[in-house]
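Subject: Structure for your review

Hello,

Here is the structure I said I would pass on. My notes follow it.

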Amino acid sequence: MRDIFIVQFAGGLADRPSLSLVILNNLVGFKLAKHSMSKTAEQRRVVVTGQGVVSPVGTGVDKFWAALKKGESGIGPITYYEVTDDLRCKIAGEVHDFDVQKDVGDINVVRADRFSQLAAKAAMEAVEQSGIADTLKKDGSRTACIIGSGSGGLTTLETGYRDLYRDKIMRTNPLTLLRTLGSSAAAHVSMMYNITGPTFGVVSACATGSHAMGLVYQMIKYGAIDAGVAGGSEASLNWGAQRSWEALFVLSPAGCFPFSKKRNGTILSEGSGIMVLEDYEHAKARGATILAEVMGFGMTADAGDMVHPKVEGAAGAMKLALKDAGLKPEDIDYINAHGTATKTNDVTETNAIKSVFGDAAKSVAISSTKSMHGHMLGGGSLVEGAACIKAMHDNFIPPTINLNDPDPDCDLDYTPNKGVEKEVTYTMNNSLAFGGLNTVAIFGPAPK
Amino acid sequence: MDEVATKIVEILKKNMKSNPDKEIDMDTELTDLDIESLDLAVIVFDIEDTFGIEIPYNANEESGDFNTVGSVVNKVRELVAESSDATA
């Protein structure tokens, strides 16, 4: 698999003689395998130099993290649309402290769908923190921008269809199509920062942000790019989406109670998590502050069922990430679980952790921060990734709130109700999406 | 400037990518307002909404009606008059 990446990426380097030379030097140590044409190269270390969060518990990483530490909930009554009596679930995680005019300003983004607006805000925070904007202005060709969304401009579509079919307004806003495109968040951010390298969206429901990060991580690791803006965004809180989630019987009318006996579904929310990833040497050369190292990444598919996850799929992704990181399960201090509070996810994830961690499963600190910020779907992975990195910086495990009566089948340490101080060196970020699409990322401290 | 012109200038300013304080008069060329084809599609939509008219506009065709602010105002006046004639 790695060999394939090298071949593909090296192919794109023909017009970059200096870099080709570097790669070539690395390839001097070609290990020619028994099968000819196979080759390996030095792998580059990948670090995080910026992160940005827009979430129902706060816009901006510091505000978000302060809320998580206090165990605050961002879930409340729906205000974005008329809450009809037929809705079973009348609550959601809305973002109320974000104003696109004031916080972003860029007219292209102001006109875009909200999922692109949230991504733009999170990207601004991440890029500003990384200090990479001036580098990009000079040359953005060695940087990627991969920002996905589970459902893209779903609210734009809903509004457009309502106008056309129900209200018979036979004029469609000229931006409807562009707002709807799932790649529009990535496109907008690329324009904001002159990112001219690989730019597109990825789609994998609730693992979207993590898959985006994994791609950027691997591209940097194998030399195709030097840096990348990666993440996901979701803003699909509308009546139609709420109805479609309800039809699947996965929403709770009462709240988000991960790992609890009383859990009865998840709570939809909106938000965006974005990171700036960078080749370690590149970051060091420009004097960037390094927030963390991406130690490892693993991805699998269950190839099983759209809504019933398999232990083997989640466990497989954790094992791959650990192997990639060169770490043992007992090295992991904190797992930010997918923890959606659906019946099946929480037990399956618990069993997957047990199968990979063995005895260490009992001692690793786990929490589902979704208990506070709800399920941001495609936007959630790197919001939770930001929680992992802040946990390392602060040596603090954020809690799983609403956990007074744990499910006996969920018998690990989920940090109930109150966060705890604990030395945190390595963290694991799980994303287990509908369709059985699994990703696991492992973060570690900045290289010394 | 009459009401039609004032409203159109407001719509133009709202959709300008830079320098929203720029002085605009009837001779101002749209190309001097940092307005591109996508902006023009949004502007046409906004004008149609504001005046309740339909503007025959195609981004793929050259149109003298959209060269200067004055030409847009004249076109809108004409369409508003046609529309009120039709409903009279």
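Is T340(A) buried or exposed? T340(A) is buried, because its relative accessibility is 6% and the cut-off for buried is under 20%. Please keep in mind that this is a predicted model.

T340(A) lies in a loop of chain A, the one that links β10 (334-336) to α15 (343-357). Setting aside residues up to four places away in sequence, the contacts of T340(A) are C256(A), G265(A), T266(A), N345(A), D346(A), K370(A) and H375(A).

The second site in chain A is L87(A), which also sits in a loop, here between β3 (76-77) and β4 (91-92). L87(A) has a relative accessible area of 1% and is therefore buried. Once neighbours within four places in sequence are left out, L87(A) touches Y81(A), W239(A), Q242(A), R243(A) and E246(A). Another residue to look at from here is P253(A): its C-alpha is 8.9 Å from that of L87(A), with the two positions 166 residues apart in sequence numbering.

Now chain B. Chain B has three helices and zero strands, in the order α-α-α from the N terminus. The radius of gyration of chain B is 13 Å, which agrees with a compact globule, because a globule of 88 residues would come out near 12 Å. Along the principal axes, the C-alpha atoms of chain B occupy a box of roughly 40 × 30 × 20 Å.

Of the 88 residues in chain B, 41% are buried. The exposed surface of chain B comes to about 5100 Å², with 44% of that area from carbon and sulfur atoms. As for contacts in chain B at a separation of 6 or more, 55% join residues 24 or more positions apart.

One helix pair in chain B is worth describing. Helix α1 (residues 3-14) and helix α2 (residues 37-51) of chain B have axes that come within 10 Å of each other and cross at roughly 145 degrees. The crossing of α1(B) and α2(B) is right-handed. On the α1(B) side, the contact is made by V4(B), K7(B), I8(B), I11(B), L12(B) and K14(B); on the α2(B) side, by I43(B), D46(B), I47(B), T50(B) and F51(B). By type, the residues of this contact are seven nonpolar, one polar and three charged.

Regards

Methods:
Residues are numbered from 1 along each chain as its sequence is written. Chains are lettered from A and ligands numbered from 1 in the order in which they are written. This is a predicted model: local features need pLDDT of at least 70, side-chain atom pairs count only at pLDDT 80 or more; totals for chains, interfaces and linings use all residues. Side-chain values use heavy atoms; hydrogens and water are left out. Axes are lines fitted to C-alpha atoms, for helices over the stretch in contact, and angles run from 0 to 180 degrees between N-to-C directions. Helices (H or I, at least four residues) and strands (E, at least two) are DSSP runs, numbered from the N terminus. A crossing is left-handed if the near helix is turned anticlockwise from the far one by less than a right angle, and right-handed if clockwise. Contact means heavy atoms within 4.5 Å. Ala, Val, Leu, Ile, Met, Phe, Trp, Tyr, Cys and Pro count as nonpolar, Asp, Glu, Lys and Arg as charged, and the others, Gly among them, as polar. Buried means under 20% relative accessible area, exposed over 50%, partly exposed in between (1.4 Å probe, protein chains only). The radius of gyration is taken over C-alpha atoms; the globule rule is 2.2 Å times the number of residues to the power 0.38. Accessible areas come from the Shrake-Rupley method with a 1.4 Å probe; for residues, only the protein chains shown count as cover.
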